[in-house]
Amino acid sequence: MPATGRWTAAIGAALAARLELRVHQLDDPEYWKQHTRRLQLGVLRRNLTRARSTEIGRAFGFAALAALPDDELLPAYRNAVPVRDYEGYRDACRRMREDGQRGVLWPGLVRDFAQTSGTTAGDKYMPVSRDMLRSNYLCSLDIFAHARRRGHRLSDLFAGRCLFLGGSSDLTTNAHGVNTGDLSGIVTPLITWPISEVYSPGPEIALESHWPTKIDKMARLSMTQDIRMLSGMPSWAGVLMDRVLELTGADRVADVWPNLRLFVHGGVRYDPFQHSLAQKYSAGQHDDLPDRLELYPASEAFVAIQDEPGDRGLRLCVDRSNFFEFVPADQINTDQINTGQINSDAPDARAAWEVEKNTRYVVVLSTCAGLFRYVLGDVVEFDTLADEGPVRLRIVGRHKHFINAFGENLIVEHIENAVAEAAAATGLAHGEFTAAPVYQTQATRPGLELAIETAAISPAALAAFADRFDRSLKDQNADYETKRTDSLGMAPPTITPLAAGAFHRWLDDNNKLGGQHKCPRCANNRDLIDQLTTPAGTP
């Protein structure tokens, strides 16, 4: 092993020793059974206390709320503070970011704002306080703690390089000293020892904002490095692997990065990309990458981490300074919450220890950056409850992303599952995808269209994929099956193949190209799919 590798391996061993107590705590289900409620109420009380003198704290009486005993705190908090989405916070965030106003949502000047893609509400700017950066840092250490729990030796991971496929690290700073940019840009300068010793691609490439150039530079650098951990969205990991294979002429990524041990991913569902990534990695010799660890990060807060290999459930980060509530998805009324007003029909929110299985909930956050009872928008279901051990959830969609044009009631999870099953059954390699309704005309019957990046354009291949995709949707959703019975209601789904990179070009055209931006998996309208499938120059 080179001297540098021995040095960084020693750093990995030192980090493992530092994390040993945390690993033991994460391994103890009884601890989380006994303390989830206490930990979450403690987080809420601390955040209310920190923000008691802010504009929002004075408006809703945070000081009085924070002084209440545990049994009274949460009911009083829910009665006092409305559930709101970004529209309820837009003006406050604007004043903090553009005017440098202090003490609006969080004490002092919040110097960093993460710009998100805003697929449902335009561009959004999320406050990232010093407290939030600390929370994110502790969650990043938990990634390595969970890797250690799963049998990975940190000395082995750190003997090579950890490649991060983050967004642009280039930030804009205004006259008030407030930074705005991709969350990666806010976090990257804070990568310190010991992670900085093994971090790749380095600050120069991380600053690159033009993604095609960035991918090329990252591929040229990493093809000569000993990559042992890769972190990023599955879709962008596939693009990077393609470029590495193109540059090296190798048949499989495993020959370029023979010591790759762990893929840390988040942002989008992995299953639909499993087949194509496995093909790139091993040319069909393996069904998946060596090991994967899924994250549930958001610009607003870090939510959960996968703690058990092969388990889709993600462990809720209940002790990392953010308080979580969950509102039944059918109770979220956008018109109501956008006003930001308290009302008698406030949704029935549940804390982490109050949720139930087999119910879809929308995530609501109270963060250590000043967003209180903020609707994150992701829809989740729970696999493990607080009386069973660590609370574990699965992301099943977005509360504004669904298809119900003909009573079919499809959600993101249904589309993603069906694509994953059809790809695995037919061997069709693919990239990004989205679904939308097909409306009835004189020439067409009502139905569903899936636009998907794939090189397979033969009618037979597409027909086989369409049939399996259709069967999977029927198996998952009784409403869809009913509408498809004997094809009397909805016609069989249409599969529209797109060239590789079509979605990324769409993101680029809409100034959303980058590591934190995602393509909507479905919509109840044809706006996106028509843009993707209409030839350039067509009026």
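These legends accompany close-up views of a predicted model.

**View 1. The largest nonpolar core and its best-connected members.** This core holds 92 residues, and those touching the most other members are Leu48, Leu105, Tyr296, Leu316, Phe326, Phe372 and Phe382. Helix α8, spanning residues 130–149, is the top contributor to this core, giving eight residues. Another core, made of 28 residues, lies apart from it. Look there for Ile205, Trp211, Leu230 and Leu240, which are among its members. As a friendly reminder, nonpolar side chains tend to be buried together in soluble globular proteins.

**View 2. Helices α12 and α13 packed against each other.** Helix α12 covers residues 211–222 and helix α13 covers residues 234–248; their axes lie 9 Å apart, at an angle of about 55°. The two helices are therefore oblique to each other. The crossing in which α12 passes α13 is right-handed. On the α12 side, the contact is made by Trp211, Ile215, Asp216, Met218, Ala219, Arg220 and Ser222. From α13 come Trp236, Val239, Leu240, Arg243, Val244 and Leu247. Sorted by class, this contact has nine nonpolar residues, three charged residues and one polar residue. Two of the names may be familiar from the previous view: Trp211 and Leu240 are also among the members of the 28-residue core.

**View 3. A cis peptide bond before proline 201.** Here serine 200 and proline 201 are joined by a cis peptide bond, with omega at about 25°. Proline 201 sits in the loop that runs between β6 (199–200) and α11 (203–206).

**View 4. Two loop residues with positive phi.** Alanine 283 has a phi of about 55°, a positive value, although this residue is not a glycine. Its loop lies between α15 (271–282) and β9 (292–297). With 43% relative accessibility, alanine 283 counts as partly exposed. Asparagine 358, likewise not a glycine, has a positive phi near 60°. This residue belongs to the loop between β13 (350–351) and β14 (361–366). Asparagine 358 counts as exposed, at 76% relative accessibility.

**View 5. Serine 155 and the residues it touches.** Serine 155 is part of helix α9, which spans residues 154–157. Its relative accessible area is 17%, so the residue is buried, given that the cut-off for buried is under 20%. Setting aside residues up to four places away in sequence, serine 155 touches Ala9, Gly12 and Ala13.

**View 6. Methionine 490, a buried loop residue.** Methionine 490 lies in the loop between α19 (478–484) and β21 (494–498). At 1% relative accessibility, methionine 490 counts as buried. Glycine 447 is 43 residues away along the chain, yet the C-alpha atoms of the pair are separated by 4.7 Å. Beyond its neighbours within four places in sequence, methionine 490 is in contact with Phe406, Glu408, Arg445, Pro446, Gly447 and Leu448, as well as with Tyr480, Lys483 and Arg484.

**View 7. Helix α20 and what covers its buried residues.** In helix α20 (residues 502–509), the buried residues are Ala502, Phe503, His504, Trp506 and Leu507. Their cover includes the helices α13 and α21 (527–533), together with the strands β19 (433–438), β20 (447–453) and β21. Helix α13 will be recognised from the second view, where it packs with α12.

Technical notes. Residues numbered from 1 in each chain as written. Predicted model: local features only at pLDDT ≥ 70, side-chain atom pairs only at ≥ 80, totals over all residues. Heavy atoms only, no water. Core = buried A, V, L, I, M, F, W, Y, C linked by side-chain atoms within 4.5 Å. Buried < 20%, exposed > 50% of the residue type's maximum accessible area, 1.4 Å probe, protein only. Helix = DSSP H or I, 4+ residues; strand = E, 2+ residues; numbered from the N terminus. Axes fitted to C-alpha atoms, helices over the stretch in contact; angles between N-to-C directions. Parallel < 35°, antiparallel > 145°, perpendicular 65-115°, else oblique. Left-handed = near helix turned anticlockwise from the far one by under 90°. Contact = heavy atoms within 4.5 Å. Nonpolar A, V, L, I, M, F, W, Y, C, P; charged D, E, K, R; others polar.
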